[in-house]
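User: I would like to go through some of the labels attached to this model and see what each of them rests on. Could you take them up in turn?

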Amino acid sequence: MLNIQGLSVAYEQNGVLLPAVRDFSLSLAKGQTYGLVGESGSGKTTVAMAILGYLRGEGRITGGRIEFEGRNLLTLPQSERIKVLGKSIALVPQDPMSSLNPSMRVGAQIAEGLRYQLALPKEQATRRTLELLELVRVPDPSRVARSYPHEISGGMQQRALIAMALGVEPELIILDEPTTSLDVTTQAAVLDLLRSLIHDKNTAALYITHNLGVVAQLCDRVAVLYASELVEDGETQALFQNPLHPYTKGLLDSVPRLGQNKSGYELPAIPGRIPALTERPPGCCVFAPRCPVAIERCFSERPILESAMGDGQIRCHRWPEIASGEISHAVKETFAPVKARTSTMGEGDVLDIQGLRVEYLVSRSITDAITNAILGRPTRTVKAVDEVNLSIRPGHTLGLVGESGSGKTTLARTIVGLVERTDGVVTMTGLPLPSRLSERDINTLRQIQFIFQNPEEALNPYLTIGETLQRPFITIGGKSRAEAREGARRMLEAVGLPVDYLGRLPGRLSGGEKQRIAIARAFATNPDLLIVDEPVSSLDVSVQAAVLNLMERLQTENGSAMLFISHDLAVVGYLADRIAVMYAGQIVEICSAETLSEFPHHPYTEALLHAVPGIAPQPLGQTIRLQGDVPSQIDVPSGCRFHPRCPRFLGQVCVDVMPPHQQMEDGNWIACHIPPKELQQAQERSYRGGGVE
Amino acid sequence: MVAYVLRRLAFLGLTIIITSLVIFIVTQMLPGDVARVVLGREAGDEALAAFREAHGLNDPLPVQYTRWLANFVMGEWGTSLSTRSEIYPLVMERLKNSLLLTGITMLIAAPLATVLGVLAGLHEDKPTDSAISIASLAVVGLPEFVTGLILIQIFSRWLGWLPPNSLIESGATFAEKWPMLILPAMTATLVLLAYIIRLTRAGVIEELGRPYVRTATLKGLPRHTVIMKHVLRNALLPTITVIAISFGWLISGLIVIENVFNYPGLGRLLTFAIDRRDLPLIQAVAMVTVVGFGLANLIADLLYAWLNPRIRLSY
C-alpha cells in the first residue's frame with residue numbers, strides 16, 4: 001500500500017546539500033505495523049515528514065518515489081496531496097501538548113477534521129467526536145471535549161490526538177514517538193490502546209521510535225536506521241533475537257533490561273557517537289568508525305543492502321561471517337570493567353534524612369494575598385515532599401523512581417540546597433546539613449555535587465570547557481590557577497575526551513559529550529554524595545550505556561555515594577544498590593536492586609514493573625495498568641495516597657488509615673495494608689498468568 | 001477569572017499608590033519654597049507663615065501626603081499657580097482631547113499595523129516581508145517632529161487638504177474637529193506602526209513553526225483556514241496586548257506631536273506647566289497620566305487573559 005523506493009532527502013546548509021536520508025526503501029502492506037528505529041539524527045522523522053510532505057524549510061527531496069496506493073505522492077499537485085493527507089494518512093505526533101492548539105477546545109479540534117474531511121454537519125461531528133474519545137478510552141468524553149488542552153493530562157492529550165487521527169478512518173497512521181514524552185505508566189496504557197486499535201481497524205501503521213522495547217511490543221516488522229542509512233530490516237522477533245548488523249546488536253545490548261544489575265552484568269557500550277550531518281561521507285559504511293568488526297573495506301566501500309536470513313535485509317560487508325558465527329559482533333567494553341563492590345565501604349551513612357517535608361504556598365505575591373483575602377479563599381499549600389526518611393551508605397547508589405509529579409526532583413533539589421525544606425532533619429556524614437545553600441560551608445558544598453538531566457542547559461555556553469572544569473578546583477578546592485588547569489586536564493581524561501576540548505565552547509559538543517563534561521565537573525571536587533537527576537534520558541540510546549558506565553566507574557574510583565533519579569526502572573535497577581519508590585511526595589517502598597524482579601512489591605512498584613516495555617516477549621498473565629494520574633500535590637488523597645489508583649485496593653482501611661511500613665527481608669519495606677505474604681502470592685500469580693482478582 | 005480581575009486590580013492599586021508617592025516626594029523635594037513661589041518675592045515672613053499654616057505645609061510629610069492623595073481622589077486638585085484657575089476642569093478638558101486623538105490614532109494604526117504585520121509574517125523573507133519591514137523601519141527611524149513637518153508640507157502646504165495646526169476651541173463640534181485630528185493622528189500612527197508590525201510579524205512566524213499548525217495542516221484543512229482559525233488566534237495575542245498598552249502611552253506620550261500641531265492635549269499641558277513651574281498642575285497631569293497608563297495596562301492584562309484560556313481558566 002505504501003511503497004517507498006530509493007528516497008533521498010537532503011537539508012541545505014550554507015548552500016551545501018547535506019543528505020539526511022539516503023536511498024531509503026520500505027514497503028508497507030495493509031494492516032501491517034512497521035517500526036522505524038533510530039536515534040536522533042538517523043533520519044527517521046525526516047522519512048515521516050517526507051511522506052507527509054511537511055519537510056522543514058531547507059529540507060528537500062533529492063531522489064526516489066513515495067507511492068501510496070499506486071500514486072506517487074511526490075509528483076501529485078498540492079491540492080490533491082492535501083486531500084490524500086487529511087483523509088488517508090494521519091499523524092500522531094511526538095509532543096501532544098504543543099501539537100494541540102492551546103486556545104481551542106479539544107472537542108472542536110477533533111470535530112474540525114471530521115467536518116472538513118467527511119463533510120459531517122455540526123451535530124453529527126460533535127456526536128462522532130464523543131464516540132471517538134470513548135473509543136480511545138477517555139474516562140469522561142464530554143468533559144474532555146469541552147476542555148482546553150492545558151486542562152487535561154499528557155496521556156489524555158495524546159488520546160485526543162489519536163482520536164483525531166482515527167476519526168477520518170485513515171488507511172495509514174504514522175506514529176512519531178507518540179509515547180516519548182509520557183510517563184511509563186501512561187506510555188503503557190497508550191501502547192495497549194494503539195495495539196488494540198491498530199489490530200481492530202486493520203490500519204497500517206508506521207511507528208517511529210528510538211525505544212526498542214516499544215517496537216518489540218507493537219510492530220510486526222522493523223527497519224533500523226543509522227546516520228541516514230537503512231542498515232537492517234526484518235521481522236521483529238527474528239531481528240531482535242538474532243541481529244546481524246553490529247549497530248543493531250550494539251543497540252540491543254546497551255539498553256539495560258529489567259533484572260540486570262551492575263553486580264552481575266556489564267553493560268556493553270557502543271564507542272563514539274552518531275556522526276553529524278556534515279560528517280557522513282558517501283563512499284563508506286557510516287557505522288565503520290564505531291564498529292567492533294570494521295575492516296579496511298568498510299572505510300573504502302559503501303555496503304549495499306542485501307537480502308539475508310529469510311526476508312530480512314542488511315547493509316554490512318561482514319554479515320555472512322556474522323550470520324555463520326565466525327566472528328562476534330558484540331561490542332566490547334571500552335572502559336575497564338567495574339570492580340566487584342564491597343558491601344561495606346566506611347561506617348555510618350553519608351546522608352540521612354528524617355521526616356523531611358517540603359511545602360510551599362501556591363501563590364506567594366502580595367496581590368495574590370490581597371485577592372485571597374477579598375474572596376475569602378484559603379491560601380493553598382503544595383505538599384511536594386511529605387515525611388520522607390532515607391539514608392545512603394558510603395559508596396552506595398540509591399535509586400529513586402516515580403512518575404513525574406511524585407516529588408523526586410524536589411527531594412533532590414532540597415538535598416542540593418536549591419529548595420528550602422519546611423521540616424525534617426538532614427544529616428550529612430554525621431553533621432546537620434543546613435537547609436539553605438548560603439548557610440552551607442565550603443566543605444559541605446564540596447561534599448554534595450549534582451548532575452542534571454539536560455546537559456544542554458547545565459553548561460554555561462560562554463565558558464570554555466577548560467574554564468568550566470577549572471572552576472570547582474578554584475572556588476571549592478582553593479587551588480591555584482596552574483593546579484586548576486592540571487585538574488581540568490585530568491578530569492577531561494577521566495571522562496574519556498581529548499585534551500583539545502579544553503579550549504572549546506559547549507556549543508561545539510554533542511549531547512553525550514556535554515553530559516561527560518557535567519560528570520567531570522561534578523566529580524572534580526571528589527564529592528561524598530552525588531545527586532544525579534535523569535542523566536541519560538535526554539541522550540541518544542547508543543551513548544547512554546557509555547555515560548552510565550562512566551558514572552559507575554568514577555563513582556567506584558572515588559567511593560562517592562549516589563542518589564540516582566530516574567523514571568526508568570530498568571536503568572535504576574541496573575545502576576542502583578537500593579531502590580526507593582516515590583509516589584505523591586512519599587516513599588512507598590525501599591528494596592534492594594537484586595530483588596527488583598522478585599515479589600512482593602508495593603502495588604505501585606508492581607504497576608511500574610508491568611509498564612516497562614521489554615524487548616523479550618512479555619510474561620503471560622494479566623498485565624496491570626494504572627488508571628488516572630498522579631494526584632495533584634495540593635489535594636493529596638487521604639489514607640494511603642495510592643488508594644484511588646491502586647489495582648489491589650482493599651477497602652475503607654486504605655481510604656482512612658496511613659499504611660504501616662511493613663519490614664521484610666534485606667531491610668526492604670513497603671508502605672501497604674496488605675500483608676507481604678498475600679501480596680507475594682497475588683503478584684506472582686498475575687505476573688506469570690492467572691490474572692488479578 | 002474573578003480572582004484574576006481582583007488580582008490585577010490590587011496590582012493596579014499598589015502601582016498607583018507607589019507612583020503617587022514618587023510624584024509627591026519628587027515635587028516636594030524640588031528646590032524652592034511653595035509659599036514663596038505662590039506669594040512672590042516681596043511677601044513678608046508673616047504672610048508666608050500664614051500661607052503655610054493655611055495650606056498645611058507645616059504638617060509632617062505623611063499627613064501632607066495623605067491629604068494630598070485624598071484630595072486628588074475627590075477631584076479637589078487645587079488651583080493652578082500660573083493661570084489661577086481650577087485645575088480639575090482644565091485637565092479634564094485636555095484629557096478629553098487626548099483621548100480623542102488617541103482613539104483616532106488607534107482606529108488607523110491597529111488594523112493597518114496588524115494586517116501589515118501578518119502579511120510580513122506569512123511571507124517571511126520574501127519581497128512582501130522585506131518591503132513592509134524596511135519601509136516601517138525607515139519611518140520609525142525619523143523623529144516624530146520630522147514626520148509631522150513632512151506631513152504638514154504635503155497635506156496642507158502642497159495639497160491644501162488639511163489645516164497645518166490643530167487649535168481646537170473648547171465646545172467645538174466633531175465635524176469642526178475631525179480635519180484637525182487627521183494629521184497628528186497620522187504622525188502618531190507612523191510612530192507606532194513599526195513596533196506593532198515587528199511584533200505581529202514575529203508572533204506569526206513563531207506560531208507558524210509550532211507543531212499544532214502541522215496538526216491542523218495535516219488534517220487537510222485549506223491554508224486560509226489554518227491561518228485564520230489556528231495561527232492568528234494565537235499569534236495576535238501579544239499584538240492585542242501591545243495595542244492596549246500603547247493606548248496608555250499615547251494619552252500622555254504625544255508631547256512632541258502635540259507641540260508640532262499645537263494640539264491642546266495633556267502633553268502640551270504638561271510642557272506648559274513645566275515651563276511655568278506650576279507644581280499643582282504638574283502633579284495633576286502626572287497623576288492622570290499614571291492612572292491612564294495603569295488602566296491601559298489593566299485592560300491589556302484582562303484582554304490577554306480573557307483571550308488566553310491558559311490564564312483565564314487557571315484562576
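Analyst: What follows takes up burial, backbone geometry, a helix span and a chain contact in this predicted model.

User: Why is A:Ala227 called buried?

Analyst: A residue counts as buried if 20 or more other C-beta atoms lie within 10 Å of its own; A:Ala227 has 24 within that distance and is therefore buried. This residue sits in the loop between β9 (221-226) and β10 (229-235) of chain A, and its phi is positive, near 45°, although it is not a glycine.

User: What makes A:Arg137 partly exposed?

Analyst: The label partly exposed falls between the limits of 12 or fewer for exposed and 20 or more for buried, so A:Arg137, with 17 C-beta neighbours inside 10 Å, receives it. A:Arg137 lies in the loop between α5 (122-135) and α6 (141-146) of chain A, and it too is a residue other than glycine with a positive phi, about 60°.

User: Why are such phi values singled out?

Analyst: Because most residues other than glycine have a negative phi.

User: How do you know that the length of α4 (residues 61-73) of chain B agrees with its residue count?

Analyst: The expected span is 1.5 Å times one less than the number of residues, so the 13 residues of this helix should span 18 Å, and the end C-alpha atoms are indeed 18 Å apart.

User: Which residues does the contact between chains A and B take?

Analyst: It takes 23 residues from chain B and 29 residues from chain A, and the chain B side divides into 12 nonpolar, five polar and six charged residues.

Methods:
Residues numbered from 1 in each chain as written. Chains lettered and ligands numbered in written order. Predicted model: local features only at pLDDT ≥ 70, side-chain atom pairs only at ≥ 80, totals over all residues. Contact = placed C-beta atoms within 7 Å. Nonpolar A, V, L, I, M, F, W, Y, C, P; charged D, E, K, R; others polar. Helix = DSSP H or I, 4+ residues; strand = E, 2+ residues; numbered from the N terminus.
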